[in-house]
Amino acid sequence: MYQILAKYYQELVDAKQGSLFFFDLFKKINKGTRVLDCACGSGEFVELLYENRYDVQGFDLSLEMIQKCKYSNLVQVSNMLNFKYDTKFDTITCFCDSFNYLLNDEDILSFIRNVHHHLNDEGIFIFDMHTYSTLDDFQEEYYQEGILENVSYQWNIVAQNDLLFHTFIFDQIKEEHIQRVYPYERIKSLLETVGFTVEKCNDLGGYELEKDVVIAKKKDKNI
């Protein structure tokens, strides 16, 4: 994934605007200075944090995506399931529905256990994820087409059961993505099992976001 999409991602999904929204939310919740951004994509959120004097690092599975980050020294290629750092963080983030690329409970547990391990005591994990309303929105196939950088593209999204299927075609080259949508209570239970206290953030500053924003705080005692 993101081998072809990476070239057009920023313009196609308006990544900078989304990062500004999540940065405003982050400032209301965050309590520390050391931050790790998981699945950081092309690094817009990492750039915002760095330019606002946070001690930030980020990773993404796609080399093509992180190569677009302005500060290449801050990002690396890693997987959400087994990323490893020699330091702990005050806050760990995972935005832009990257959480929904985890397709089963086993992968979710691997990820959140790793997050828990890399957080300081009382550190905070903030992430967003699709809701079932997203599945409702795409029961009928969504279709978008246009021109980006003189290249024709198509973007299709369709829901089947609890899965979202994205198909991108750039100049007749196809790339497919799959996401799974989970109920909040199920994810809350998994987080609590690992050792977090959990809540949803309802104060989005008047911004209508059809997603769950989850705040998980690591308990004092390691589990």
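**Quick look at the fold and its cores**

At 223 residues, a compact globule should come out with a radius of gyration near 17 Å, and the protein chain has 17 Å, so the two agree. Keep in mind that this is a predicted model. Secondary structure here is a mix of seven helices and 11 strands.

**Overall shape and packing**
- The C-alpha trace of the protein chain spans about 50 × 40 × 35 Å along its principal axes.
- Some 52% of the 223 residues count as buried.
- Take the contacts between residues at least 6 apart in sequence: 61% of them join residues at least 24 apart.

**Surface and charge**
- About 11,400 Å² of the protein chain is exposed, with carbon and sulfur atoms supplying 44% of that area.
- Negative side chains number 37 and positive ones 22, and the centres of the two sets sit 8 Å apart.

**Nonpolar cores**
- As background, nonpolar side chains tend to be buried together in soluble globular proteins.
- The largest nonpolar core holds 31 residues, and Phe111, Ile112, Phe125 and Leu191 are the ones touching the most other members.
- Elements giving two or more residues to this core are β4 (89-94), α5 (105-118), β5 (119-130), α7 (184-194), β10 (196-200) and β11 (211-218).
- Leaving aside residues up to four places away in sequence, Phe111 touches Cys38, Met80, Leu81, Phe83, Cys94, Phe99, Leu102 and Phe125.
- There's also a second, separate core of 25 residues, with Phe22, Leu48, Cys69 and Val213 among them.

Technical notes. Residues are numbered from 1 along each chain as its sequence is written. This is a predicted model: local features need pLDDT of at least 70, side-chain atom pairs count only at pLDDT 80 or more; totals for chains, interfaces and linings use all residues. Side-chain values use heavy atoms; hydrogens and water are left out. Helices (H or I, at least four residues) and strands (E, at least two) are DSSP runs, numbered from the N terminus. The radius of gyration is taken over C-alpha atoms; the globule rule is 2.2 Å times the number of residues to the power 0.38. Buried means under 20% relative accessible area, exposed over 50%, partly exposed in between (1.4 Å probe, protein chains only). Contact means heavy atoms within 4.5 Å. Accessible areas come from the Shrake-Rupley method with a 1.4 Å probe; for residues, only the protein chains shown count as cover. Lys and Arg count as positive and Asp and Glu as negative; His and the chain ends are not counted. The place of a charge is taken as NZ of Lys, CZ of Arg, CG of Asp or CD of Glu. A nonpolar core is a set of buried Ala, Val, Leu, Ile, Met, Phe, Trp, Tyr and Cys residues joined through side-chain atoms within 4.5 Å.
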